[in-house]
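Please open the model in the viewer and follow the selections below in order. The tour concerns charged side-chain pairs and the strands around them.

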Amino acid sequence: MKKTIAVPVTAGVLSSHFGHCEIFYFAETESGKILSERMQTPPEHEPGLYPKWVKAQGAELVIGGGMGQRARNLFDEQGVAYIVGGPAWEPRKVVEAYLEGTLQTGANSCDH
């Protein structure tokens, strides 16, 4: 089954704060492999905008560092799963670790 995974990126690695990322990495995956990948610049940040935009890009899962409660609630409403506390790695490595079942997460680095 195909799944599109989104990773917010800042300075080339997974962003520690979802709403302040520079770009999003999207990976289309199937059977534990990355089929295609793309980088996409999000619209200018406004509270509550990114979850809807990420869903509109086809993402079914977001792996981030820190994510506020409002963003998590909006992803729940959109039916998009999320993982917080991801490591500050290159986004492809993050997705590969997720697909391999070896992704280890820490604390959510966002408290709002």
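Begin by selecting Lys2, which counts as partly exposed at 45% relative accessibility. The model is a predicted one, and residues are numbered from 1 along each chain.

Next, add Glu28 to the selection. The side chains of Lys2 and Glu28 meet in a salt bridge, with an N to O distance of 3.5 Å. Lys2 belongs to strand E1 (residues 2-10) and Glu28 to strand E3 (residues 23-30), so this pair ties together parts that are 26 residues apart in sequence. Glu28 is likewise partly exposed, its relative accessible area being 26%.

Now display the backbone of E1 and its partners. E1 and E3 run antiparallel and are joined by eight bridges. Select Ala6 in this setting: its bridge partner in E3 is Phe26, and its bridge partner in E5 is Val62. Strand E5 (residues 61-63) runs parallel to E1, with two bridges between them.

Continue to strand E2 (residues 13-14), which is antiparallel to E1 and joined to it by two bridges. Here Val9 stands opposite Leu14 of E2. The hairpin of E1 and E2 has two residues between the strands; select Ala11 in this hairpin, where phi is positive, near 55 degrees.

Move then to Arg92. Which residues are linked with Arg92 in a network of salt bridges? The network consists of Glu37, Arg92 and Glu96, and its two contacts can be inspected in turn.

For the contact with Glu37, display the side chains of both residues: the closest N and O atoms of Arg92 and Glu37 are 2.5 Å apart. Arg92 lies in helix H3 (residues 91-100) and Glu37 in strand E4 (residues 33-40), so the salt bridge ties together parts that are 55 residues apart in sequence. With a relative accessible area of 40%, Glu37 is partly exposed; Arg92, at 35% relative accessibility, also counts as partly exposed.

For the other contact, select Glu96. Its side chain meets that of Arg92 in a salt bridge of 3.0 Å, N to O. Arg92 and Glu96 are four residues apart in helix H3, and therefore about one helical turn separates them. Glu96 counts as partly exposed, at 29% relative accessibility.

To close the tour, display the salt bridges together; the count comes to three. Among them are the pair of Lys2 and Glu28 and the pair of Arg92 and Glu37.

How values were computed:
This is a predicted model: local features need pLDDT of at least 70, side-chain atom pairs count only at pLDDT 80 or more; totals for chains, interfaces and linings use all residues. Side-chain values use heavy atoms; hydrogens and water are left out. A salt bridge is a side-chain nitrogen of Lys or Arg within 4 Å of a carboxyl oxygen of Asp or Glu. Buried means under 20% relative accessible area, exposed over 50%, partly exposed in between (1.4 Å probe, protein chains only). Two strands pair if DSSP finds at least two bridges between them.
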